[in-house]
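Please open the model in your viewer and keep the selection panel at hand. The tour moves from one selection to the next and says what is found at each stop.

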Amino acid sequence: MKTLCENGHTISTADKLVFEHYSLETSKEWSTGALNGLITKAVKTIYNDYIEEYKTNNTSIPATIEGIITGILSLETFKPYNKPSPEKEIPERTISCTEEVWSGGFEIEDYEYSALTSFYADPEQALYDLMDNKISKRRTAFIKESTPILLADSTVTTIPTIQDDFISQFVLRVDYKNAVELKAEQEAH
Amino acid sequence: MVTNNLNNTYIKPTTNHEVTQPLQPAFLAAIRSTDSNVTGAGTVYTLGTNVAFTEVFDQNADFNTNGTFTASVTGRYLLIYVIRVFGTNNNYSIYIEIVTSNRTYKFNKFNVTGIGEVGVGFQTIADMDASDTVTFKVVGTGIGSDIVNIQGYSEVTFVSGFLIS
């Protein structure tokens, strides 16, 4: 087994609030899914691109994906893909990141690690970038979806223009519920 | 004309002027054998957990046969879910869900009577961020134990999706 991102990762309280507005998962669960997606793409792409050549060079091949990937990566003709982070957008943060969300990192199989490092230029950075990208996209969506609610509320006199202020103030509304709270409310009915 | 980046052909017109996009995320996968006793007593079952999906195609390598599709880029994705359940003499209720990282799409609960096969399906256009996941779930309720089965021959239980924009 190998551990990825063992130094963890921190996000801000506003990041956490906006993440929880949409997601029933924790940010570590989301990141685990993201990592599994990176692994799936790396393993399947390497397999698809090299399996015929691997077969040509061997009279038989292992009957496991782990064995096949290990064999392909040892081909003399195999070339690392050096793919950049799939997507990267930095959140508009004005407060510091103090919430640890990846404590302990992520454990993956050795062949998965080999596939990741052969496919992505920097798999750990890709995961950091994807987490930031996710938060940035949700911040934008949160403000877009929440602004009409404030505009329709005659008791609201001003709307913050700084994202962190907007988020931290909106979740203080008496009728506000995040994704987990909304689900619990729906199931109670 | 063939449009390339450094490594790949991503827009490929044919000699007859159709245009294909070989790297555009798109998948179709089916359950090809019976997945037995998965729900009925309220268990939330994720398709692909016990019986793996068989891929018909997985363009761009984003689908795992455990039933998880991962968005490779932020965008709008059309997601399609069709399921057929069978095999209990009890009356029970069932609902199905498309669960994405941003929200859960739920098809209304409906009642099933007798042993008959019942098929149901729905679709949505989902907003997904890069590396968001989607899974497909079924929940049966009203029976004391999990004795509802998912039918798996041919394409009676399948999931599909692609990036629209």
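Begin by selecting residues 110-119 of chain A, which form helix α4, and bear in mind throughout that this is a predicted model. Within α4(A), the residues that count as buried are Glu112(A), Ser114(A), Ala115(A), Leu116(A), Ser118(A) and Phe119(A). To see what these side chains face, add α2 (27-56), α3 (65-73), β4 (106-108) and α5 (123-151) of chain A to the selection, since the buried residues of α4(A) pack against these four elements.

Now hide everything except two of those partners, α2(A) and α5(A). Their axes come within 10 Å of each other and cross at roughly 130°. An angle between 115 and 145 degrees falls in the oblique class, and therefore α2(A) is described as oblique to α5(A). As for the hand of the crossing of α2(A) and α5(A), it is right-handed. Which residues make the contact between α2(A) and α5(A)? On the α2(A) side, select Trp30(A), Ser31(A), Ala34(A), Leu35(A) and Leu38(A); on the α5(A) side, select Pro123(A), Ala126(A), Leu127(A), Leu130(A), Met131(A) and Lys134(A). Coloured by class, this contact shows nine nonpolar residues, together with one polar and one charged.

Next, show the whole of chain A as a cartoon. Chain A has seven helices and four strands, and, followed along the sequence, these are arranged as β-β-α-α-α-β-β-α-α-α-α. The radius of gyration of chain A is 22 Å, well over the 16 Å that the globule rule gives for 189 residues, so chain A is more spread out than a compact globule. If you draw a box along the principal axes, the C-alpha atoms of chain A fill roughly 75 × 40 × 30 Å. Buried residues account for 33% of the 189 residues of chain A. A contact map of chain A, restricted to pairs at least 6 apart in sequence, would have 83% of its contacts joining residues at least 24 apart.

Keep chain A displayed and bring in chain B, so as to look at where the two chains touch. Here 15 residues of chain B are in contact with 19 residues of chain A. The side of chain B that touches chain A consists, by class, of three nonpolar, nine polar and three charged residues.

Turn then to chain B alone, whose secondary structure comes to zero helices and 16 strands. The C-alpha atoms of chain B occupy a box of roughly 60 × 30 × 25 Å along the principal axes, and 35% of the 165 residues in chain B are buried. Among the contacts in chain B between residues at least 6 apart in sequence, 73% join residues at least 24 apart.

Two residues of chain B deserve a stop for their backbone angles. Select His17(B), in the loop between β2 (9-13) and β3 (19-20) of chain B; its phi is near 80°, a positive value in a residue other than glycine. Is His17(B) buried or exposed? His17(B) is exposed, because 6 other C-beta atoms lie within 10 Å.

Finally, select Ala61(B), which sits in the loop between β7 (54-59) and β8 (63-64) of chain B. Ala61(B) is not a glycine, yet its phi is positive, at about 60°. Ala61(B) counts as buried, because it has 22 C-beta neighbours inside 10 Å.

Definitions and conventions
Residues are numbered from 1 along each chain as its sequence is written. Chains are lettered from A and ligands numbered from 1 in the order in which they are written. This is a predicted model: local features need pLDDT of at least 70, side-chain atom pairs count only at pLDDT 80 or more; totals for chains, interfaces and linings use all residues. Two residues are in contact if their C-beta atoms, placed from the backbone, lie within 7 Å. Ala, Val, Leu, Ile, Met, Phe, Trp, Tyr, Cys and Pro count as nonpolar, Asp, Glu, Lys and Arg as charged, and the others, Gly among them, as polar. A residue is buried if 20 or more other C-beta atoms lie within 10 Å of its own, exposed if 12 or fewer, and partly exposed in between; C-beta atoms are placed from the backbone. Axes are lines fitted to C-alpha atoms, for helices over the stretch in contact, and angles run from 0 to 180 degrees between N-to-C directions. Angles under 35 degrees count as roughly parallel, over 145 as roughly antiparallel, 65 to 115 as roughly perpendicular and the rest as oblique. A crossing is left-handed if the near helix is turned anticlockwise from the far one by less than a right angle, and right-handed if clockwise. The radius of gyration is taken over C-alpha atoms; the globule rule is 2.2 Å times the number of residues to the power 0.38.
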